[in-house]
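Subject: Structure for you to look at

Hello,

Here is the structure I said I would pass on. Please open it alongside this message.

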Amino acid sequence: MTQDELKQAVAVAAIHYVVDGEIIGVGTGSTANFFIDELAKIKHRIKGTVASSEATAARLRGHGIDVFDLNEVTSIAVYIDGADEITASGAMIKGGGAALTREKIVASVSGKFICIADGSKLVEVMGKFPLPVEVLPMARAAVMRKLTALGGQPKLRTMRTNAGSDQAFITDNGGEIIDVAGLAILDPVALEREINQVPGVIAVGLFALRGADVCLLGTGDGVKTLTF
Ligand SMILES: O=C(CO)[C@H](O)[C@H](O)COP(=O)(O)O
């Protein structure tokens, strides 16, 4: 099976976790996009959604699915999102799609976090995928020095402009993303706490303090359910 077929399979499996009549938190990325397309088929069963990015909100609205501002909502039954890496204990690296801050906020107010991922995302030790950290632009250099001191190799995420030059990638929140390579994350909870308290950090893409409750993992042998 291709990686896209595995993503599609876990998106279909995730529909089982959608709670009728409730608000559903929706993540960002290619796997989440497959899920949005599946959710559209049962949109009459849910009250609406909260989106973790402008891109996700646009895709949901494109399907005619209601998207609520988080401030209008008191509870979210379940949050469904992909991951860049996930461990056997449910800790994740997220933020490859630059939506880590909103993803963390929506996940934090959700009853359950269902991670949907193809099998390549399951790792023993996280860190091969560079850890995304969203920062206030004025703190970029200071935070990079701290991340270097922690043993990482930080790099500012850039994007190519229409004019062909590179400029800092700007998130939905007006932040910048630093991708940190070279970390072997042996204690994800401790590292998440440590990076969280660096002034200028908006959010770190480590989801260990609040990890996944369930991971639907797409494999050649079908969708495996890991419960944490
Ligand atoms: O954290 C994310 C976006 O910020 C995504 O969940 C993560 O990057 C996985 O993306 P994909 O489903 O495209 O592999």
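Below is what I found, starting with the domains and ending with the ligand shell.

Please keep in mind that this is a predicted model.

Domains. The chain splits into domain 1 (3–123 + 208–227) and domain 2 (131–205). Between the C-alpha centres of domain 1 and domain 2 the distance is 23 Å. Where the two touch, 14 residues of domain 1 meet 15 residues of domain 2. On the domain 1 side, helix α4 (residues 100–108) contributes the most, with four residues. By type, the residues on that side of domain 1 are six nonpolar, four polar and four charged.

Glu103. Helix α4 also holds Glu103. UniProt, in an unreviewed entry, lists Glu103 under "active site". Is Glu103 buried or exposed? Glu103 has 31 C-beta neighbours inside 10 Å, and a residue with 20 or more is classed as buried, so Glu103 counts as buried. Leaving aside residues up to four places away in sequence, Glu103 is in contact with Gly27, Thr28, Ser52, Asp81 and Lys94.

Nonpolar core. The largest nonpolar core has 62 residues, and the members that touch the most others are Val10, Ala14, Phe35, Ile80, Cys115, Ile116 and Val133. Helix α1 (residues 3–14) supplies the largest share of this core, six residues. Where does the core lie with respect to the two domains? Domain 1 and domain 2 both give residues to this core, so it lies between them.

Cys115 is worth a separate entry, being one of the core members listed above. Again without residues up to four places away in sequence, Cys115 touches Asp81, Ala83, Ile86, Met92, Ala212 and Cys215. Asp81 therefore appears in two contact lists, that of Glu103 and that of Cys115. 

Ligand shell. The ligand has 17 residues around it, and those that come nearest are Gly29, Thr31, Gly82, Gly96 and Gly97. Helices α2 (30–39) and α4 each provide at least two residues of this shell. Its residues divide into four nonpolar, nine polar and four charged. Helix α4 thus comes up at the ligand, at the side of domain 1 that touches domain 2, and as the helix in which Glu103 lies.

Regards

Notes. Residues numbered from 1 in each chain as written. Predicted model: local features only at pLDDT ≥ 70, side-chain atom pairs only at ≥ 80, totals over all residues. Domains from an automatic or database assignment. Contact = placed C-beta atoms within 7 Å. Nonpolar A, V, L, I, M, F, W, Y, C, P; charged D, E, K, R; others polar. UniProt positions renumbered as here; feature names shortened; annotations may be inferred. Buried ≥ 20, exposed ≤ 12 C-beta atoms within 10 Å, placed from the backbone. Core = buried A, V, L, I, M, F, W, Y, C linked by C-beta atoms within 7 Å. Near = placed C-beta within 6 Å.
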